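Welcome, and please take a moment to turn the model around before reading on. We will go through it one place at a time.

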Amino acid sequence: MRPDQIGLYRTVAAVDVAPDRSQVVFAADQADLDADDYLRVLWLAEASGEGRQLTAGRSDRAPRWSPDGKRLAFLRAVESTHHQLALIDPSGGEAAIITDFPLGVSAFDWAPDSERLVVQAPEYLDPADVDDDERSRRPRRHDRIPYRFDFPRWRGDTVDHLWIVGGEAPPSRLTEGRDSFVKPSWSPVADEIAFLADLTGRRFQTLASQVGVVRPDGTVAELTELGYFTGVTYRTDGVLHAVGLLDEDEWPAPLEVWRLEEKGPVALAPQIDRTVSLANPHIAWSGLDAVYSVDDGGRNRLVSVQPDGVVHHLVDEPIGIDAHSANDDVVVFVRSTATNPGDVVMLRAGQANTIAGPNAELDVPLVEGDHFQVPSGGHEIDAWVYLPQGDGPVPLLLNIHGGPAGQYGFGFFDEFQVYAAAGFGVVACNPRGSSGRGKEWLRAVTGDGWGVVDLADVQAVVEEALRRHPRLDENRKGVMGGSYGGFLTAWLLGHDQSFRSAVVERALIDWTSLVGTSDIASSFPRFYLDATMPSGHERLWEVSPLRLAGGITTPTLIIHSEADYRCPIEQAQQLFFVLMQHDVESALVTFPDEGHEMSRSGSPRHRRERFELILDWHRRHLAG
């Protein structure tokens, strides 16, 4: 796969099973390099395997069937980047836009009457009637932390509220105040809506949240103490469940599913020492059984958990599961492999059948990865090698993932395919600190483990990859990583001068300046280092790659987005300055109007240009 071919495949971003289980709606995203945009449309697939494109909007996403199965709701971008709520008859016809919020709609859910919906709509804290140009010029006043967030942008001057729309009545607002109410879920058996919010009124905020409910009359009740929750959902009989951690300071730890009872939250399946999938934290319901994906050793396992906690493994093959849905005896999931960006699979009575193959016509050579495990520090590290076609020697290119609570796996990843097609032997792994191996593994990089056990693991993987694959040239080693992976890349370069080429991307370079500038600064350093500024300055500086930057000798390309609020651009600028001071061959490339997620969801042209920059740098420095 070449950089200019990233528009040839489709990513299935969401899937939902019809109430009668005869059809499945899914959202497919495809990069359009010519338009420098994404084409996002909805498709319908029959259980029989037949399918058709349902919508023709430029940006349609998040489809949901009405409980009676007669309509579909989804979000559509209308003449702006803001999405509004749209309804469409699945049998055909044009979609009707039913909301007109100035900043659009972020999320929604159906009422059980199939007429009303609850929507989450952001609005400005300052309701002044000014246009976008004037608002962008005006000073911004901040009185809470975080005052900005990498996605969505600039949270400090907006707040999210819940509204009821649809039916005979005009839109009605459910919530008030300066607190944001997010991720609404409408009970299937009662007139109440669950949400996430931090209602404590703190000005110094973390990413913590509570679970609450609101009724159509605006009555709000708090159901949990402050924790770290990522979603709420009602079981088919109206019992509320939440995904997350009960203690806001418990992260990093596996996210669990909690049943919210009067006596307090009860873990649904405490015996599963694996996190609810961080990339797909959705809970679906098959009758009273919860269906969800867990990260496990580089794969995503789809499990079904009964109310009494008994667990059944529905899918445990080595694949990626990017989205899923369930209804009674039918479970649908999106399956991806190293050589298939994704198809839609229906599971019924134990039989799995592909009902939609949006990438069936993809005609690009793709390579399988060799999966193996590497001993390190008394543990087994999951690792993969992707080799180019042929049998000659190739440079080794170590890729380090972000997080650190993320994981590489068996699903499709365009980065590995692009680098392998360009002639590099890609090495990837899940060192300690990654998801997929339970709580102890996630927490291995907290405290004294940060920059120690993870560094040992990636070095052990490189050594074993060279032993297992003689085509990998030990004299031509490159390394690259983004976010936490950028941290570990720069940290590795400060300890190991054997690499001939490096790309440090959107990286954490200096903990001491990250605190106070990053959107997660109020929590991330506490979670991993139990330190913050100013009292923790010594510890934060001790594990900052900037401290070792004067000893780096590897030619290093630094890539950063100018509007990155997770790892602000000053991180890259500091590293670049030190490398230049020490006469290290280096370059700093910045991308305008992009945030932390540029490599995954940024402008298609920027994504292509980023690939070209990386390939050019490694080719020049890893040539034979």
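Which residues do ring pairs link into a cluster? The cluster is made up of Trp450, Tyr484, Phe487, Trp491, Trp511, Phe524 and Tyr528. Keep in mind as you look that this is a predicted model.

Let us begin with one pair from that cluster. A pair of aromatic rings is described by the distance of the centres and the angle of the planes. The ring centres of Phe524 and Tyr528 are 4.8 Å apart and the planes make an angle of 50°, so this pair is tilted. Phe524 and Tyr528 both belong to helix α7 (residues 524–529), where a spacing of four residues puts about one helical turn between them. Both of these residues are buried.

Other members of the cluster lead us to helix α5. Tyr484, Phe487 and Trp491 are among the α5 residues that meet helix α4, together with Leu488, Leu492 and His495. On the α4 side, the residues taking part are Asp454, Leu455, Val458 and Gln459. Sorted by class, this contact of α4 with α5 involves seven nonpolar, two polar and one charged residues. How do the two helices lie relative to each other? Two packed helices are described by the angle between their axes and the distance between the axes. For α4 (residues 453–468) and α5 (residues 484–495), the axes come within 11 Å and cross at roughly 80°. The two helices are therefore roughly perpendicular to each other.

Just ahead of α5 there is a backbone detail to find. Ser483 sits in the loop between β33 and α5, and its phi is near 65°, a positive value in a residue other than glycine. With 13% relative accessibility, Ser483 counts as buried.

Now stay with α4 and look inward. In soluble globular proteins, nonpolar side chains tend to be buried together. Here the largest nonpolar core has 79 residues, and the ones with the most contacts inside it are Tyr292, Leu398, Trp450, Leu472, Trp511 and Tyr528. Helix α4 gives the most to this core, with eight residues. Apart from this core lies another one, of 33 residues, including Trp384, Leu397, Phe410 and Val503.

Ala465 is a good residue to pick out in α4. Its relative accessible area is 0%, so Ala465 is buried. Beyond its neighbours within four places in sequence, Ala465 is in contact with Phe372, Val385, Val427 and Leu472. For a sense of scale, compare its position with that of Glu123: the two residues are 342 residues apart along the chain, and their C-alpha atoms are separated by 52 Å.

Glu123 brings us to another region, because it appears among the contacts of Thr158. Thr158 lies in strand β11 (residues 158–166) and, at 10% relative accessibility, counts as buried. Apart from neighbours within four places in sequence, the residues in contact with Thr158 are Leu103, Glu123, Tyr124, Leu125 and Arg144.

Another ring pair is found between two strands. Phe26 lies in strand β2 (residues 23–32) and Trp43 in strand β3 (residues 37–46), so the pair ties together parts that are 17 residues apart in sequence. With centres 6.4 Å apart and planes at 10°, the rings of Phe26 and Trp43 are stacked. Is each partner buried or partly exposed? Phe26 is buried, at 3% relative accessible area, whereas Trp43 is partly exposed, at 21%.

Next, find helix α2 (residues 414–421). Seven of its eight residues are buried, so α2 is largely enclosed by the rest of the structure. The buried residues are Asp414, Glu415, Phe416, Gln417, Val418, Tyr419 and Ala420. They pack against several elements, among them β30 (379–386), β32 (425–429) and α12 (604–621). Just after α2, Gly423 takes a positive phi of about 105°.

Finally, here are some further backbone details to look up. In the loop between β31 and α2 you will find Pro404, joined to Gly403 by a cis peptide bond with omega of about 5°. Pro534 is in the loop between α7 and α8 (537–542), and the peptide bond from Met533 to Pro534 is also cis, with omega near 0°. Lys183, in strand β13 (residues 182–186), has a positive phi of about 55° although it is not a glycine. Its relative accessible area of 42% makes Lys183 partly exposed.

Notes:
Residues numbered from 1 in each chain as written. Predicted model: local features only at pLDDT ≥ 70, side-chain atom pairs only at ≥ 80, totals over all residues. Heavy atoms only, no water. Axes fitted to C-alpha atoms, helices over the stretch in contact; angles between N-to-C directions. Parallel < 35°, antiparallel > 145°, perpendicular 65-115°, else oblique. Contact = heavy atoms within 4.5 Å. Nonpolar A, V, L, I, M, F, W, Y, C, P; charged D, E, K, R; others polar. Core = buried A, V, L, I, M, F, W, Y, C linked by side-chain atoms within 4.5 Å. Buried < 20%, exposed > 50% of the residue type's maximum accessible area, 1.4 Å probe, protein only. Phe/Tyr/Trp six-rings, centres within 6.5 Å; stacked < 30°, edge-to-face > 60°.
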